[in-house]
Amino acid sequence: MEDRILGKTGIRVSRLGLGAAKHGDVQRQDQDVDRWLHHALDAGVNFIDTAAMYNKSEDRIGRFLAARKDEFFLATKCGVHRAGGVPGAAIVEDYSREGILRTVDESRGKLRMDIIDLVQFHGLPPVELLDEAFETLMDLKVRGWARFVGVSADGPAGAAVEGESEREVAELARTWPLDTWQFTYNFLSQEAATELIPLLREAGIGTIVKRPIANVLWELDEDPGDDFNHTLWERACQLPLDALAGELPLTEFAMRFVLSNADIDLALTGTINPHHLETNIRSLEDGDLPSEMLRKAQDIFEERFGTG
């Protein structure tokens, strides 16, 4: 599988990574998740992204892939977790120093890793805890609990996220020596291409894309309801999807749209379906979209939504 150096980390990762949220679902059987995780590694994926709040995900990765630790790069997230670390419990946000250290230490135990490859914030801390939280994140490297640190957060044109912080992402990236930034980018959500992606590339910060196929929202007949998916679903309804994708299946067009951006290090696929994983791998192998198709998708997005 095609790989890429992740920002300034010096680590070579597959351009297709595995998002392991669904692998933590308490309703799924252990033996199924075990099989899915090994299938991803066997297919050439060497980057796995999980989080403290993903129920059983960290524990399952730690148990099922213990003998293959040297074959993949593991990223997890802190700042948001399940109450008491119990799968299925209420979601708790805690960006205090104590909360971050406790959550990451619990993740180390579940993952069976003394040093986690990458620890990310699961969103941005509130303004009153911003400095304390980022200082603690940096301290994880000093303690030897994390090799690299980063952030997973979105924002219009790379700006502050949903009122969580008054500072712009640009300022955070310049203030703190982050190794990676994870964000949403796809043909229905192109805002990050305007400011965030160029800024991250200039700073040498690794770029990790989540939702590259926009949760396949174009297949829904009804509005999904929540604010984020509502916006992308409305955009899907307004765009001439068949004209954009041409003869390509929309999922392939969507994945190749993201991977055609040379400033993207890797994109995450959250699938638990081996067939879908193979489809995503073929999309990567098929290479960049033709330049005219890529430009058309960018131009129509800008005409309809005024940015991108």
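The exercises below, each with a worked solution, deal with charged side chains in a predicted model. Residues are numbered from 1 along each chain as its sequence is written, and side-chain values use heavy atoms, with hydrogens and water left out. Local features need pLDDT of at least 70 and side-chain atom pairs count only at pLDDT 80 or more, while totals for chains, interfaces and linings use all residues.

**Exercise 1.** Determine how many salt bridges the model holds, and state which residues are linked in a network of them.

*Solution.* Begin with the criterion, by which a salt bridge is a side-chain nitrogen of Lys or Arg within 4 Å of a carboxyl oxygen of Asp or Glu. Applying this rule gives a count of 24 salt bridges. Then look for residues that are joined in a network, and Asp30, Asp59, Arg60, Arg63 and Arg112 are found to be linked in this way.

**Exercise 2.** For the salt bridge between Asp49 and Lys77, find the distance between the closest N and O atoms, and decide whether Asp49 and Lys77 are buried or exposed.

*Solution.* First, the closest N and O atoms of Asp49 and Lys77 are 2.6 Å apart. Next, place the partners among the helices (H or I, at least four residues) and strands (E, at least two), which are DSSP runs numbered from the N terminus. Asp49 belongs to strand β4 (residues 47–49) and Lys77 to strand β5, so the pair ties together parts that are 28 residues apart in sequence. Finally, apply the accessibility classes, in which buried means under 20% relative accessible area, exposed over 50% and partly exposed in between (1.4 Å probe, protein chains only). Asp49 is buried, at a relative accessible area of 2%, and Lys77 is buried too, at 1%.

**Exercise 3.** Locate the partners of the salt bridge between Arg68 and Asp42, and classify Arg68 and Asp42 by accessibility.

*Solution.* The closest N and O atoms of this pair lie 2.9 Å apart. Arg68 sits in the loop between α2 (57–64) and β5 (73–78), whereas Asp42 is in helix α1 (residues 30–42), and the two are 26 residues apart. With 15% relative accessibility Arg68 counts as buried, whereas Asp42, with 57%, counts as exposed.

**Exercise 4.** Carry out the analysis for Arg201 and Asp265, whose side chains meet in a salt bridge.

*Solution.* The N to O distance is 3.0 Å. Arg201 lies in helix α6 (residues 196–203) and Asp265 in the loop between α9 (250–259) and β12 (266–269), so that the pair links distant parts of the chain, 64 residues apart. Arg201 is partly exposed, with a relative accessible area of 27%, while Asp265 is buried, with 1%.
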